[in-house]
Amino acid sequence: MTPLDRTASYAALVAARQLCRACTGLINPAACDGGIHDSDAIGPWSLWQGNLNADLVIVGQDWGDTGYFSANKGHEKAGNPTNVTLMKLLASIGIVIAVPTADDAGGGAVFMTNAILCLKDGGMQGDVRPEWFANCGARFLKPTIDVISPKVVVTLEERAYRALVGGYGLPRMAFRTAVERPEGFMLASGTRCWPMYHCGARILNTHQPYERQVRDWQRVGTALEN
C-alpha cells in the first residue's frame with residue numbers, strides 16, 4: 001500500500017468511527033461535548049502517537065471515560081503514570097517518544113490505538129463489556145492494523161490481546177502463556193504480535209513487575225532491529 005493509499009484508507013476508517021453507534025453504553029468522541037474535542041484520528045490515543053508508517057503499533061484496552069476526555073479536551077494528559085511507564089519501556093528498546101501535549105495531532109514514532117475506541121462513563125477504571133471489544137475489533141482494530149501493516153503489534157493487557165485473537169484467529173491460550181511465548185504470534189499480514197501485561201501500577205505490583213516487563217519488551221526491540 002502506498003503512503004497515499006494508506007492515508008486515504010485511514011481517513012475512511014476515521015469517518016466510519018465518527019459515525020459508529022454500534023455499542024450501547026459508550027459515547028462516541030464525535031458525540032461527546034457536541035464533538036468539539038473529536039479529531040481526525042481513529043481515537044484519542046492516536047493523537048499522541050499516530051504515525052501511519054510506523055513499524056510498531058501498540059494496542060491498549062480502552063482510552064478512558066467521558067470525564068477524562070472532556071477535562072483534557074480530547075488529548076492525552078501529560079504525567080499520566082501509565083503513559084510515563086510506557087515511555088520508559090519504549091526507551092528501553094531505543095524508541096524515544098515525546099511527552100503528550102494539547103497540540104498533538106498524530107505523527108510521532110509509533111502508532112497507538114485502543115481495542116475500544118469510544119468512551120465509557122464511570123471513571124477510568126469503569127467496567128467494559130465483551131460486546132464492545134467484539135464490535136470495535138471487527139470494525140476498526142483489525143482494519144487499522146491492516147492499513148498500517150507494521151512489523152510488530154504489542155497488545156497491552158489481556159482483553160486487548162483477546163480482541164486481537166478474535167480478529168485474526170490467533171490460538172487461544174492462558175494469557176501468561178501467551179506473554180511468555182518467545183516468538184510471539186504471526187498475523188496473517190506478516191506482522192508479529194507480542195501480548196504484554198499492562199504497565200499500570202496495579203499490574204506492576206501484582207502480576208508483572210517493571211524489570212520483567214523490560215525483559216518482555218526486549219523481544220520487540222530485537223524484532224524491530226531485524
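Start by selecting Asp146: in this predicted model the residue is partly exposed, with a relative accessible area of 30%. Add Lys142, also in the partly exposed class at 28% relative accessibility. Their side chains meet in a salt bridge, 2.9 Å from N to O. Now show helix α5 (residues 130-148): the two sit 4 residues apart there, which means about one helical turn between them. An α-helix has 3.6 residues a turn, so residues three or four places apart point the same way.

Next, hop to helix α6 (residues 158-168) and pick Glu158 and Arg162, again 4 residues and about one helical turn apart. Their closest N and O atoms are 3.1 Å apart, in a salt bridge. Check the accessibility here too: Glu158 comes out at 33%, partly exposed, and Arg162 at 23%, likewise partly exposed.

Now for helix α9, residues 210-225. Its 16 residues stretch 22 Å from the first C-alpha to the last, close to the 22 Å expected at 1.5 Å a residue. Select Asp216 and Arg219, which are 3 residues apart in α9, about one helical turn. They form a salt bridge too, with 3.4 Å between the closest N and O atoms. Are these two buried or exposed? Both Asp216 and Arg219 are buried. While you have salt bridges on screen, pick out Arg176, Glu180 and Arg212, joined into one network by bridges that share partners.

Stay on α9 and colour its other buried residues, among them Gln213, Trp217, Val220, Gly221 and Leu224. Then bring up what covers the buried residues of α9, including β1 (56-62), α4 (81-91), β3 (152-156) and α8 (201-206). To finish, display every salt bridge: the count comes to 10.

Key
Residues are numbered from 1 along each chain as its sequence is written. This is a predicted model: local features need pLDDT of at least 70, side-chain atom pairs count only at pLDDT 80 or more; totals for chains, interfaces and linings use all residues. Side-chain values use heavy atoms; hydrogens and water are left out. The expected span of a helix is 1.5 Å times one less than its number of residues. Buried means under 20% relative accessible area, exposed over 50%, partly exposed in between (1.4 Å probe, protein chains only). Contact means heavy atoms within 4.5 Å. A salt bridge is a side-chain nitrogen of Lys or Arg within 4 Å of a carboxyl oxygen of Asp or Glu.
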